[in-house]
Amino acid sequence: MSEPQDEVQKWSIFLPLKHFALGKSRLSELTDFNRISLIKAMANDVIHELRVCPLIERITLVGTDHLEVTQFIDVRINSFIPKEPLGINRDVTSALKDESKIAVLLPDLPALKHQEISLALELADQSTTSFIRDFEGSGTTFYACRDREKFLPNFGAQSAQKHLSTGAIEITDKLFVGIRRDCDSWADIEAIHRGLLGSSTQSVVEQQMHS
């Protein structure tokens, strides 16, 4: 017999976000103000989708204060700011508390939909560790672990292969579109159909196109 819905153990989601002054250096064609506005907008859209996913208990921004990104009033959203940032993998690991079901999601997924993250978490429940490959193929946009002792994120260059080498299971589905589309450059943004972008990102993009 399956557990009642209110007793199902939920996930803690971690969004690693660099200090704004350092983030998205490949967006050099934008002014600093527009670059930072876009970073915040993408993260805000991701948080919006996470908030309506019933499988999530806690959302933690790692690296910056969530109040600088979103104005959502939600006790599930919090921040972890490392005293000395050491990179995504070590920073997220140091942010862990008593969580047992942990997922790391990139915050630059402006076309993410909550149905995708719900499916990703359901599939992640079937393996100890799992990940989703990015659209380009070599990177990772999502990494999940159901056993804190086995938590070993490997974000960075060739992260998909690194996650495979640690025994993480690659999860795929035709529904995975926005969850694979991380955006590091303006070309990445332009490659996504405007109607798929979250409202905050869409607003910033439109302002940029008309400036």
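**Reading the fold, term by term**

Colleague: Where is Ser-127 placed?

Modeller: Ser-127 sits in the loop between H3 and S5. Helices (H or I, at least four residues) and strands (E, at least two) are DSSP runs, numbered from the N terminus. This is a predicted model: local features need pLDDT of at least 70, side-chain atom pairs count only at pLDDT 80 or more, and totals for chains, interfaces and linings use all residues. Residues are numbered from 1 along each chain as its sequence is written, and side-chain values use heavy atoms, with hydrogens and water left out.

Colleague: Why is Ser-127 called buried?

Modeller: Buried means under 20% relative accessible area, exposed over 50%, partly exposed in between (1.4 Å probe, protein chains only). Ser-127 has 14%, so it counts as buried.

Colleague: Which residues does Ser-127 touch, not counting residues up to four places away in sequence?

Modeller: Ser-127 touches Arg-146 and Ile-169. Contact means heavy atoms within 4.5 Å. Ser-127 and Ala-144 are 17 residues apart in sequence. In space they are 8.9 Å apart, C-alpha to C-alpha.

Colleague: What makes H3 mostly covered?

Modeller: A count of its buried residues. H3 spans residues 114-124, and 8 of its 11 residues are buried. They are Glu-116, Ile-117, Ser-118, Leu-119, Ala-120, Leu-121, Leu-123 and Ala-124.

Colleague: Which elements do the buried residues of H3 pack against?

Modeller: One helix is on the list, H1 (32-51). The strands are S1 (11-16), S2 (56-62), S4 (102-105), S5 (129-133) and S6 (140-145).

Colleague: In what order do the strands lie in the sheet?

Modeller: The order is S3-S2-S1-S4-S6-S5-S7. These 7 strands form an open sheet with mixed pairing. Two strands pair if DSSP finds at least two bridges between them.

Colleague: What makes S3 and S7 edge strands?

Modeller: Strand S3 (77-80) and strand S7 (169-170) each have a single partner strand, so one side of each has no neighbour in the sheet. The partner of S3 is S2: they pair in the parallel sense over 4 bridges. In that pair, Val-62 has Phe-80 as its bridge partner.

Colleague: How is H3 set on the sheet?

Modeller: H3 packs on the sheet, touching S1, S2, S4, S5 and S6. Its direction makes about 45° with that of S6. Axes are lines fitted to C-alpha atoms, for helices over the stretch in contact, and angles run from 0 to 180 degrees between N-to-C directions.

Colleague: How do you know that both faces of S1 are covered?

Modeller: Look at each side in turn. Trp-11, Ile-13 and Leu-15 on one side are buried, and Ser-12, Phe-14 and Pro-16 on the other are buried too. That is 6 of its 6 residues. In S2, 5 of 7 residues are buried.

Colleague: What makes S1 a partner of both S2 and S4?

Modeller: Bridge counts. S1 and S2 pair in the parallel sense over 6 bridges. S1 and S4 pair in the parallel sense over 3 bridges. Pairing needs at least two, so both pairs qualify. Phe-14 has Thr-60 as its bridge partner in S2 and stands opposite Val-104 in S4. Ile-13 is bridged to Ile-59 in S2, and Ile-59 to Ile-77 in S3.

Colleague: How many disulfides does the structure hold?

Modeller: The structure holds 0 disulfides. Cys-53 is in none; the nearest cysteine sulfur, that of Cys-145, is 18 Å away. A disulfide is a pair of cysteine sulfur atoms within 2.5 Å, so 18 Å is too far for a bond.

Colleague: Why are Cys-53 and Cys-145 called buried?

Modeller: Cys-53 has a relative accessible area of 2%. Cys-145 has 0%. Both values are under the 20% limit, so both residues count as buried.

Colleague: How do you know that the radius of gyration agrees with a compact globule?

Modeller: The radius is taken over C-alpha atoms, and the globule rule is 2.2 Å times the number of residues to the power 0.38. With 211 residues, the rule gives a value near 17 Å; the protein has 16 Å, which agrees. Its C-alpha trace spans about 55 × 35 × 30 Å along the principal axes. Of the 211 residues, 48% count as buried.
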